[in-house]
Amino acid sequence: MAVHGRADQDDMSEGGAIATSLESREYRDAMSHVAGAVHVVATSDGATRGGFTATAVASVSDRPPTLVVCANAASETTRAILDSGIFSVNALAFDDEMLAEIFAGRTELRGDRRFAEGRWETLETGAPILKDALVAFDCRLRQSPLVATHHLLVGEVVAVRYGLRRRALIYRERAFTGL
Ligand SMILES: Cc1cc2nc3c(=O)[nH]c(=O)nc-3n(C[C@H](O)[C@H](O)[C@H](O)COP(=O)(O)O)c2cc1C
């Protein structure tokens, strides 16, 4: 696949088209220009909790209410969600950048210890729900097809919790910002 009009290329004499195959690094660079809302996706087996930071979250349908999270198959938390069949999606506020760092594995905290930060509760499924999320979705896993390196975690939303109306945490060009 060709890359067109890459911003860091000077030679635009061919109408901006650069004939080269799209490598994964180039794909990630291109995707870094897309602003994404930052979430924590979390699960529990009743004893131990797990969670990771995710921007690859999208609504699928409102009948029944369904969303999808693209989750790395190599992640411990992805395995835990496949096993438990439940997960939450917590949309982070700008103030909660530290939670995004913790759940992205950028601190030494692993597994359940990541939940020492933030105020957590449960709704219907037992998945951890962040009280201070802008909005949190409590989901039952319905499908989990593996596409390349990621599972598409298709969840039916069985409960929703609204938090305070605050600025949203956004990730763009590999940095956090607010909206
Ligand atoms: C801003 C941001 C967005 C991310 N989005 C995703 C995502 O959508 N899906 C994913 O699988 N990992 C995503 N990651 C990476 C995971 O948060 C990270 O690999 C995490 O540590 C994996 O969880 P684990 O420690 O349980 O393996 C993102 C990381 C950051 C910083």
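This report walks through the core, the ligand shell, one helix and a few strand pairings of a predicted model.

**The core**

Let's start inside. The largest nonpolar core has 34 residues, and the members that touch the most others are Val40, Val41, Val69, Phe87, Val89, Leu92 and Leu153. Strand β11, covering residues 135–143, gives this core its largest share, with 4 residues.

Leu153 is a good one to click on. If you skip its neighbours within four places in sequence, leucine 153 is in contact with Val68, Val69, Ala71, Ile81, Phe87, Leu141 and Ser144.

**Around the ligand**

Now find the ligand. It has 17 residues around it, and the closest are Phe52, Ala54, Ala56, Ser75 and Gly105. Three elements give two or more residues to this shell: β5 (49–54), β7 (65–72) and α2 (76–84). Of the shell's residues, β5 supplies the largest share, namely 4. What kinds of residues make up the shell around the ligand? They split into 9 nonpolar, 7 polar and 1 charged.

**Helix α2**

Helix α2 is worth a slower look. Its buried residues are Thr77, Thr78, Ala80, Ile81 and Ser84. Why do these buried residues line one face of the helix? Look down the axis of α2: the buried residues fall within an arc of 160°, so they sit along one face. And what do they pack against? The buried residues of α2 meet β4 (39–44), β5, β7, β8 (86–91), β11 and β13 (150–162). Right after α2 comes glycine 85, which has a positive phi, near 75°.

**Strand β13 and its partners**

Strand β13 turns up in several pairings, so here they are side by side.

| Strand paired with β13 | Sense | Bridges |
|---|---|---|
| β7 | antiparallel | 7 bridges |
| β11 | antiparallel | 8 bridges |
| β12 (residues 146–147) | antiparallel | 2 bridges |

You can trace some of these pairings residue by residue. Histidine 150 in β13 stands opposite asparagine 72, and histidine 150 is also the bridge partner of valine 147. Further along β13, glycine 155 has leucine 141 opposite. Leucine 141 showed up earlier, too, among the contacts of leucine 153.

One last stop is the turn. β12 and β13 make a hairpin with 2 residues between them. In that turn, alanine 148 has a positive phi of about 55°.

Terms used
Residues numbered from 1 in each chain as written. Predicted model: local features only at pLDDT ≥ 70, side-chain atom pairs only at ≥ 80, totals over all residues. Core = buried A, V, L, I, M, F, W, Y, C linked by C-beta atoms within 7 Å. Buried ≥ 20, exposed ≤ 12 C-beta atoms within 10 Å, placed from the backbone. Contact = placed C-beta atoms within 7 Å. Near = placed C-beta within 6 Å. Nonpolar A, V, L, I, M, F, W, Y, C, P; charged D, E, K, R; others polar. Arc of directions from axis to C-beta. Pairing = 2+ DSSP bridges.
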